[in-house]
Amino acid sequence: MTRSSAPLVRHVDARHRYEILVGEVTAGFTAYRDRDGQRVFFHTEIDDAFAGQGLASVLVQEALSQVREAGRRIVPVCPYVAKFLKKHEEFADITDPVTPEALQWLDTALAR
């Protein structure tokens, strides 16, 4: 693969995240935990070396599309995912609100 190849998004189930690769390099990820048919996204990060290339948008778009294909719903705790969803209403039908109980559940899930 060359450096100019299109970025690839892959689901890494064992690590509870979707990663975006540019060539052979992991340029960033969006992390989640699953809860009762929901995929709760809580953190998105792009490496500084890849900033400003629109990779976060590509990553989140693909991750949310895969969530739809899996028949799950989205809970956007991550500020980037929440902002993305405001601009991409095509995911509104599978988006659930961030509730205090969801946040409390996430804190417990991440403490393990």
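Where does Asp36 lie? Asp36 sits in the loop between strand 3 and strand 4, and the views below take you there and to a few other spots. This is a predicted model, in which local features need pLDDT of at least 70 and side-chain atom pairs count only at pLDDT 80 or more, while totals for chains, interfaces and linings use all residues. Residues are numbered from 1 along each chain as its sequence is written, and side-chain values use heavy atoms, with hydrogens and water left out.

**View A. The hairpin of strand 1 and strand 2**. Strand 1 (residues 8-12) and strand 2 (residues 17-22) run antiparallel and are joined by five bridges. Strands (E, at least two residues) and helices (H or I, at least four) are DSSP runs numbered from the N terminus, and two strands pair if DSSP finds at least two bridges between them. Look for His11, which stands opposite Tyr18 in strand 2. Four residues separate the two strands.

**View B. Two loop residues with positive phi, His16 and Asp36**. Most residues other than glycine have a negative phi. His16, in the loop between strand 1 and strand 2, has a positive phi of about 55 degrees. Phi of Asp36 is near 45 degrees. His16 is partly exposed at 30% relative accessibility, whereas Asp36 is exposed at 73%; buried means under 20% relative accessible area, exposed over 50%, and partly exposed in between (1.4 Å probe, protein chains only).

**View C. The buried side of helix 1 (residues 55-69)**. Among the buried residues here are Leu55, Leu59, Val60, Ala63 and Val67. The buried residues cover an arc of only 155 degrees around the axis, which puts them on the same side of helix 1; the arc is that of the directions from the helix axis to the C-beta atoms. Their packing partners include strand 5 (73-76) and helix 2 (79-87). Helix 1 is followed by Gly71, with a positive phi near 75 degrees.

**View D. The largest nonpolar core**. Such a core is a set of buried Ala, Val, Leu, Ile, Met, Phe, Trp, Tyr and Cys residues joined through side-chain atoms within 4.5 Å. Of its 21 residues, Tyr18, Phe41, Leu64, Ile74 and Phe91 touch the most other members. Helix 1 gives the largest share, six residues.

**View E. Asp96, a buried loop residue**. Asp96 lies between helix 2 and helix 3 (100-111), with a relative accessible area of 15%. Its side chain makes a polar contact with that of Arg73 (2.7 Å); a polar contact is a pair of N or O atoms within 3.5 Å, and within protein one must be able to donate a hydrogen and the other to accept it, with residues adjacent in sequence counting only if both atoms are side-chain atoms.

How values were computed
Expected span 1.5 Å × (residues − 1). Contact = heavy atoms within 4.5 Å.
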